[in-house]
Amino acid sequence: MKKITYENNFIYLCISLIALLFSAALIHEFPGTWGEEFFSIVTILMFIVSIKSLNTEMKWKKLVYILIALLVLITVLSKIFVLKYIVYLNLFILLFFFIGSFESAYKQILFVGKKIDRNKIIGSLSLYILLGLIWTVVYLLLLVMDPNAFSGIEPGTWHQTFSRAAYYSFVTLTTLGYGDILPTKPIAEFFVYMEAIIGVFYMAIIVSSLVSVALSNYVKKDN
């Protein structure tokens, strides 16, 4: 594997995020006892890749290592004991990680270097995926608190419903709105339309900012 630098770091982050989504889809498609363990392993690997790919300050890296340790501990304890509220800790760890990764990636894409290359374009895609994953976890938290918060998502553990929640999140983020999954509670409706608003805002602000920087650099070269 090539050495991870500012020239290729977002490629590895993007691949790890897509691998997480694909593993969730596999678990939903082929349910079994191995599914939760497999998903936990993929999640931990994704955390590790993010540490290597996002060249952030040591404070964030230490926090991610702590989150990895907590995930491992939670996975082990959940196999030994029946802990009713441990699911909240698991989901809040994921939410914290996705938000922190989004912030780190956002700073690197817009404020590190002026060149718009393939890596930064992939980085903007990674940001978009992270947005969808942030709302995926929010929807999972709503489903844990109220299994009837959404119609079209069958009750199950958060591992089992992750793929459906992610599907709905990205459908909402892109404002496709297929209608096969719908919010049934006011709080769920609030988060849904907020995601749709942010999805449009992202395309209008982030992408247009990258395009304007690229055009500015192109004009400078001509001059």
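## Exercises on a predicted model

Aspartate 146 counts as partly exposed, at 25% relative accessibility. Partly exposed lies between buried (under 20% relative accessible area) and exposed (over 50%), with a 1.4 Å probe and protein chains only. The model is predicted: local features need pLDDT of at least 70, side-chain atom pairs count only at pLDDT 80 or more, and totals for chains, interfaces and linings use all residues. Residues are numbered from 1 along each chain as its sequence is written, and side-chain values use heavy atoms, without hydrogens and water.

**Exercise 1. Find the partner of aspartate 146 in a salt bridge, and place both residues.**

Step 1. Recall the rule. A salt bridge needs a side-chain nitrogen of Lys or Arg within 4 Å of a carboxyl oxygen of Asp or Glu.

Step 2. Find the partner. Aspartate 146 pairs with lysine 185, and their closest N and O atoms are 3.9 Å apart.

Step 3. Place the two ends. Aspartate 146 sits in the loop between helix 5 and strand 1 (150–151), and lysine 185 in the loop between strand 2 (182–183) and helix 7, so the pair ties together parts that are 39 residues apart in sequence.

Step 4. Check the cover on lysine 185. It is partly exposed, at 35% relative accessibility.

**Exercise 2. Describe the salt bridge of lysine 107.**

Step 1. Count first. The structure holds 2 salt bridges.

Step 2. Name the pair. Lysine 107 bonds with glutamate 103 in a salt bridge, with 3.4 Å between the closest N and O atoms.

Step 3. Look at the spacing. The two residues are 4 apart in helix 4, so about one helical turn separates them. An α-helix has 3.6 residues a turn, so residues three or four places apart point the same way.

Step 4. Check exposure. Lysine 107 is partly exposed at 44%. Glutamate 103 is partly exposed at 43%.

**Exercise 3. List the elements of the protein in order.**

Step 1. Count them. There are 7 helices and 2 strands. Both are DSSP runs numbered from the N terminus: helices are H or I with at least four residues, strands are E with at least two.

Step 2. Read from the N terminus. The order is α-α-α-α-α-β-α-β-α.

**Exercise 4. Compare the span of helix 5 with the expected value, then judge its cover.**

Step 1. Take the length. Helix 5 covers residues 118–145, which is 28 residues.

Step 2. Take the span. From first C-alpha to last, helix 5 reaches 41 Å, close to the expected 40 Å. The expected span is 1.5 Å times one less than the number of residues.

Step 3. Count the buried residues. They number 22 of the 28, so helix 5 is largely enclosed by the rest of the structure.

**Exercise 5. Which residues of the largest nonpolar core touch the most other members?**

Step 1. Define the core. It is a set of buried Ala, Val, Leu, Ile, Met, Phe, Trp, Tyr and Cys residues joined through side-chain atoms within 4.5 Å.

Step 2. Name the residues. The core has 62 residues, and Phe47, Phe98, Phe150 and Phe162 touch the most other members.

Step 3. Find the main supplier. Helix 5 gives the most to this core, with 15 residues.

Step 4. Zoom in on phenylalanine 162. Its contacts (heavy atoms within 4.5 Å) include Leu133, Thr136 and Leu140, leaving aside neighbours within four places in sequence.

**Exercise 6. Is serine 169 buried or exposed, and what does it touch?**

Step 1. Locate it. Serine 169 is in helix 6.

Step 2. Read the area. Serine 169 has a relative accessible area of 0%, so it is buried.

Step 3. List contacts. Beyond four places in sequence, serine 169 touches Gly132, Trp135, Thr136, Tyr139 and Glu195.

**Exercise 7. Describe histidine 159 in the same steps.**

Step 1. Locate it. Histidine 159 lies in helix 6, residues 158–173.

Step 2. Read the area. Histidine 159 is buried at 8% relative accessibility.

Step 3. List contacts. Not counting residues up to four places away, histidine 159 touches Ile27, Glu36, Phe39 and Ser40.

**Exercise 8. Place valine 42 and find its contacts.**

Step 1. Locate it. Valine 42 lies in helix 2.

Step 2. Read the area. Valine 42 is buried at 13% relative accessibility.

Step 3. List contacts. Leaving aside neighbours within four places in sequence, valine 42 touches Ala19, Leu20 and Ser23.
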